[in-house]
Every structure is written in structure tokens, then in C-alpha cells.
Amino acid sequence: METTAEVAPDGGGFVINGAKAGISNAPVAVVFIFWPRCKWNGKVRGFVVEKIITLHSFQSYIMTMMRAQGAHGLSATAIKNKLALRTSLTGSVFLDNVKVSQEALLSGTKDLGYGISWGVIIALEDCIARTREYALERHQFGRPLASFQLIQKKLVDPQTKVQVVFMSYNALLVGRVKDAGKVAPEMISLVKLNNCGKALEHARRVLDILGGNAYHVGNEGTHDIHALIPGKAMMGIQAFAN
């Protein structure tokens, strides 16, 4: 990691230097959390850094946001001509001798990376539970969504493939090694990589059952159910209720 933190020369806080690209909402954000590597012990810790903005008028507010120029060496510039999702601004953040107080150092974050490997399991289980409840209550073609084979397969896959159990077992093993004081950073990175990837993969599958309701209350239909209609046209066999 190239972003670093060191004790301020006067001993009254810390000085952070570095940069980060591709940060959502960076040009308009006021509070940032950075994870620099501390020069005094080589460990990665979290720091809260606030961008100070002085407002004289609404126009100056808009101009300040567009420049996203922060005080004390913190700046965030917008990345223009994006080809992908454009619903939020994306920017690059730069820290040039940014001085922060002792209070900016987050406490209890040294094991945060390992905790994420458990957090994503809980999030996936919650996705499955909520989607199951929705599939039982929501009706299409006079039947609950849960009665369709396509829906059942998507809900069962994370369990039949023993993904949740396997993810938990991996996290547990790394936790025991960590408790013994023998954990390596690569172990935590690997379990985070596996668990986050699997959780995201299966969460996307089960959320598809919710259709538009996964993102906005009131939208109807799902990808799978709509697939049954052209399926009937192709096969000449109706897979849903009359």
C-alpha cells in the first residue's frame, strides 16, 4: 500500500500521504476513511479525515463541490467521461501531508479485515431468508413464486453447494490460527477474497428473484418469470399455471 501515515513531527497527531483512484462520490464527500500503512509499525490502520469547506454562497458551494478541493492537503477531483455507471460521481483522492489529530485514528480496526469474512456470510444468509419470505408471499400466474422450479433452484443453490458452511469453516480456521498468534496477512486476504466473492455471487442470484423490488418498492416482475413466457413460445409447453 502506497498511502502511509506517520507521527507528526510535533507529536500532535499524524501526517498522511498518498492517493486513491476510482472512489464513488469522492468529489462531493466531506468525510473520508483512509487505510494507510503506519510507518512506525508497518500495520494498516483506519483514519477519519474531514474535508473542510467554507461556504459564502450557494454558488460558491457548487463551485467548491465541483473543484472538490479540501483543506490541509486533501483534494478529490472528478473522473470525467466515464463509460460505466454514471449515477454517482467518481473521483481520485489525493493526500499531500494531510495532518490529522490523535482522535482521527480509529480504534479496534486491526482485526476488521478478518471480521469482514464473517460479515459477508451473515449478509448472504439474510439475503436468502428475505428472498425466501418474498418468494412465498409474492404470486405470479396465480401461484407463489416459490412454487416455480427456477426460483427454488436459485434459493437452494447456496445451500446445496455448501457455500455458506464452507465459507464459515474457512473463516473459523483462520480465526483459530489468528487466536494462536500465527496468522499471516495472506490468510486473511484469502478468506476475505473467497467469502466476499461467493457471498456476492449468490446474493446476486437470489436478489434476482425480487425483480425490481430488490431496488425499488412497487416494480413488478423478475428475470426468471419473464423467461417463462418466451420459453412457452419456443417449446410450445406452458411452464406456469393456467
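In which segment does Ile-237 lie? Ile-237 sits in the segment after α6 (223-235), where helices (H or I, at least four residues) and strands (E, at least two) are DSSP runs numbered from the N terminus. Before going further, a word on what you are looking at: this is a predicted model, in which local features need pLDDT of at least 70 and side-chain atom pairs count only at pLDDT 80 or more, while totals for chains, interfaces and linings use all residues. Residues are numbered from 1 along each chain as its sequence is written, and side-chain values use heavy atoms, with hydrogens and water left out.

Let us stay with Ile-237 for a moment. At 61% relative accessibility, Ile-237 counts as exposed; here buried means under 20% relative accessible area, exposed means over 50%, and partly exposed is in between, with a 1.4 Å probe and protein chains only. Together with Met-234 and Met-235, Ile-237 makes a nonpolar surface patch of about 410 Å². Patches are made of residues with over 30% relative accessible area and no salt bridge, with like charges joined within 9 Å and nonpolar side chains (Val, Leu, Ile, Met, Phe, Trp, Tyr) within 5 Å. The accessible areas come from the Shrake-Rupley method with a 1.4 Å probe, and for residues only the protein chains shown count as cover.

Now let us turn inward. In soluble globular proteins, nonpolar side chains tend to be buried together. A nonpolar core is a set of buried Ala, Val, Leu, Ile, Met, Phe, Trp, Tyr and Cys residues joined through side-chain atoms within 4.5 Å. The largest such core here has 18 residues, of which Leu-124, Ala-135, Ile-151, Leu-155 and Ile-209 touch the most other members. Two or more residues come from each of α2 (112-137), α3 (149-160) and α5 (185-207), and α2 gives the most, with seven residues. Ala-135 shows how this core is joined up: leaving aside neighbours within four places in sequence, Ala-135 is in contact (heavy atoms within 4.5 Å) with Pro-144, Leu-145, Ala-146, Ile-151, Leu-155 and Ile-209. Apart from this core lies another, of 17 residues, among them Ala-29, Cys-38, Leu-74 and Leu-95.

Helix α5 deserves a visit of its own. With 23 residues, α5 reaches 32 Å from its first C-alpha to its last, close to the 33 Å expected at 1.5 Å a residue; the expected span is 1.5 Å times one less than the number of residues. Its buried residues are Ile-188, Val-191, Asn-195, Ala-199, His-202, Ala-203 and Val-206. Two of these meet a residue of helix α2: Cys-127 lies in α2 and, neighbours within four places in sequence aside, is in contact with Ala-203 and Val-206. The C-alpha atoms of Cys-127 and Ala-199 are separated by 9.6 Å, although the two residues are 72 apart along the chain. On another side of the story, Tyr-169 belongs to helix α4 (residues 163-179) and is partly exposed, with a relative accessible area of 47%. From Tyr-169 to Val-191 the C-alpha distance is 10.0 Å, with their positions 22 residues apart in sequence.

Charged pairs come next. How many salt bridges does a search of the whole structure find? There are five, each defined as a side-chain nitrogen of Lys or Arg within 4 Å of a carboxyl oxygen of Asp or Glu. One of them joins Glu-6 and Lys-39 (3.7 Å, N to O). Because Glu-6 lies in strand β1 (residues 4-7) and Lys-39 in the loop between β4 (37-38) and β5 (47-50), the pair ties together parts that are 33 residues apart in sequence. Glu-6 is partly exposed at 30% relative accessibility, whereas Lys-39 is exposed at 54%.

Other salt bridges stay within a helix. Asp-126 and Arg-130 meet at 2.7 Å, N to O; both lie in α2, four residues apart, about one turn of the helix. Asp-126 is partly exposed at 36%, and Arg-130 is exposed at 57%. In α5, Glu-201 and Arg-205 meet at 3.2 Å, N to O, and they too are four residues and about one helical turn apart. An α-helix has 3.6 residues a turn, so residues three or four places apart point the same way.

Finally, look at Thr-90, found in strand β7 (residues 90-100). Thr-90 counts as buried, because its relative accessibility is 14%. Not counting residues up to four places away in sequence, Thr-90 touches Gly-22, Ile-23, Ser-24, Asn-25, Pro-27, Thr-77, Ala-78, Ile-79 and Lys-82.
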